[in-house]
Amino acid sequence: MTKVLVTGGCGFIGTNLLHYILEHRPDWEVVNLDLLTYAGNLENTHALAERYPSRYTFARGDIADAAFVDALFAQHRFSLVLNLAAESHVDRSIEGAGVFIRTNVVGVQVLLDAARKHRTDRFLQVSTDEVYGSLGSQGRFHEGLPLEPNSPYSASKAAADLLVRAYIHTHGLDAVITRCSNNYGPYQFPEKLIPLMVVNALNNRELPVYGDGRNVRDWIHVEDHCRGIVAVAEKGVTGQAYNLGGDAEKENIEIVRAILGHLGRPETLIRFVKDRPGHDFRYAMDHSKITRELGWTPEVDFAGGLSRTIDWYLDHRPWWERIISGDYQHYYERMYTNR
Ligand code: NAD
Ligand code: DAU
């Protein structure tokens, strides 16, 4: 059995990654360490705990809590760490950067120290395309570019990438980094563009589009991202960063219109609102390195993936209604008190 720590497994990508790993890697035993912040939903992993009782364990805790993390590593002796835990929303980082520094920077330092001390075989840091900054209308991000983050969120993620680099260089830690573009798919918290627009359209609420809606993101289905994370964990070369992207550049307004079209809702719901401060104009990923070296390519085509995703939200109305009402945050107490 390979003993794996996944952090942030109750968030969007973490949930999808846990499903992927438990289904496709029968010899991996996984501990999911998650603090259950507003973005962590324990309901997402409930079925996993029932389906894989001997291969899946949940631990509630903070990756920035050194004593807690040290004890967890001492107990489990992980051979692989996949770090997804993070504060992930750019708009929230503009409102307040402190928690982003604590989790995304201090948390990574704490995990790196634990990986060193307990001789973890490999550490994988899940990073983002946003560390490269913003593009004009031409070109794509490749791994050789300097890190030029523009938001407090992306600055905290870039700081983590540099810490990982320093631990590789200074301490000889075996670590790799993935940098992925914008994900979409099931279980995404309805503060991000696609689920927010779906949920608002279904509730006949306005769809707030920042600026003129012409900013571009490079969309990738979360399943493709998860497959890429596992590929890098298994086959990536230590010290290397790998870009992942979906080859699906879209203006935000195109996506909003596609969602309204799919749901049969009127475009009069669109409301152009004040732009995000420092709003990055365009992201686009050159993923030729991982394709060439590890044989990974994105497989989900955007139109089909978006339709499936919208249908998932249609089919899981109680899931996002419990989020909007805040009820999901009581799930932990319901599940774990009196045990
Ligand atoms: P998310 O916000 O949906 O989930 C984050 C998870 O981390 C939550 O379950 C939360 O409870 C947990 N968490 C937060 N602080 C913690 C702490 N201190 N200790 C333990 N757990 C903590 O995020 P996501 O969209 O699933 O992103 C996961 C990772 O992927 C992040 O590192 C993010 O930077 C990166 N990423 C995201 C995207 C994207 O499009 N969503 C793209 C590229 C990279
Ligand atoms: O590129 C990868 C990054 O993608 C990840 O590292 C981040 O964790 C993830 O949150 C995401 O960041 P973005 O800022 O690109 O995602 P968001 O869904 O917040 O916004 C996507 C685009 O849509 C962006 O140009 C801003 C715009 N937008 C967003 C919201 C929430 C709107 O126009 N209106 C909105 O209400």
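Here are some questions and answers about two ligand sites and a helix pair in this predicted model.

Q: Why are α11 and α12 called roughly perpendicular to each other?
A: Their axes cross at roughly 75 degrees, and angles from 65 to 115 degrees count as roughly perpendicular. The crossing angle falls in that range, so α11 and α12 get the label. The helices span residues 302–315 and 317–325, and their axes come within 5 Å.

Q: What makes the contact between α11 and α12?
A: On the α11 side there are W312, Y313, L314 and D315, and α12 brings R317, W319 and W320. Contact here takes heavy atoms within 4.5 Å.

Q: How do you know which classes of residue make up the contact of α11 with α12?
A: Trp, Tyr and Leu count as nonpolar, while Asp and Arg count as charged. Sorted that way, the contact has five nonpolar and two charged residues, with no polar ones.

Q: What makes the pairing of S88 with ligand 1 a polar contact?
A: An N or O atom in the S88 side chain sits 2.7 Å from an oxygen atom of ligand 1. The cut-off is 3.5 Å for a pair of N or O atoms, so this pair qualifies. Y153 passes too, with a polar side-chain atom 2.6 Å from a ligand 1 oxygen, and a polar backbone atom of L84 does so at 3.0 Å.

Q: How much of ligand 1 does the protein bury?
A: Taken alone, ligand 1 exposes 840 Å², and the protein buries 97% of that.

Q: What surrounds ligand 1, and which element gives the largest share of the shell?
A: There are 28 residues around ligand 1, with I13, D34, S88, Y153 and K157 the closest. By class, the shell has 13 nonpolar, 12 polar and three charged residues. The largest share, three residues, comes from β5.

Q: How do you know that R217 makes a polar contact with ligand 2?
A: A polar side-chain atom of R217 lies 2.8 Å from an oxygen atom of ligand 2, and the limit for such a pair is 3.5 Å. E130 meets that limit through its side chain, at 2.8 Å from a ligand 2 oxygen. For L193, a polar backbone atom does the job, also at 2.8 Å.

Q: How much of ligand 2 does the protein cover, and what is in its shell?
A: The protein covers 94% of the 690 Å² of accessible area that ligand 2 has on its own. The shell divides into 10 nonpolar, eight polar and six charged residues. Both α7 and β8 supply at least two residues each.

Key
Residues are numbered from 1 along each chain as its sequence is written. Chains are lettered from A and ligands numbered from 1 in the order in which they are written. This is a predicted model: local features need pLDDT of at least 70, side-chain atom pairs count only at pLDDT 80 or more; totals for chains, interfaces and linings use all residues. Side-chain values use heavy atoms; hydrogens and water are left out. Axes are lines fitted to C-alpha atoms, for helices over the stretch in contact, and angles run from 0 to 180 degrees between N-to-C directions. Helices (H or I, at least four residues) and strands (E, at least two) are DSSP runs, numbered from the N terminus. Angles under 35 degrees count as roughly parallel, over 145 as roughly antiparallel, 65 to 115 as roughly perpendicular and the rest as oblique. A polar contact is a pair of N or O atoms within 3.5 Å; within protein, one must be able to donate a hydrogen and the other to accept it, and residues adjacent in sequence count only if both atoms are side-chain atoms. Accessible areas come from the Shrake-Rupley method with a 1.4 Å probe; for residues, only the protein chains shown count as cover. A residue is near a molecule or strand if one of its heavy atoms lies within 4 Å of it.
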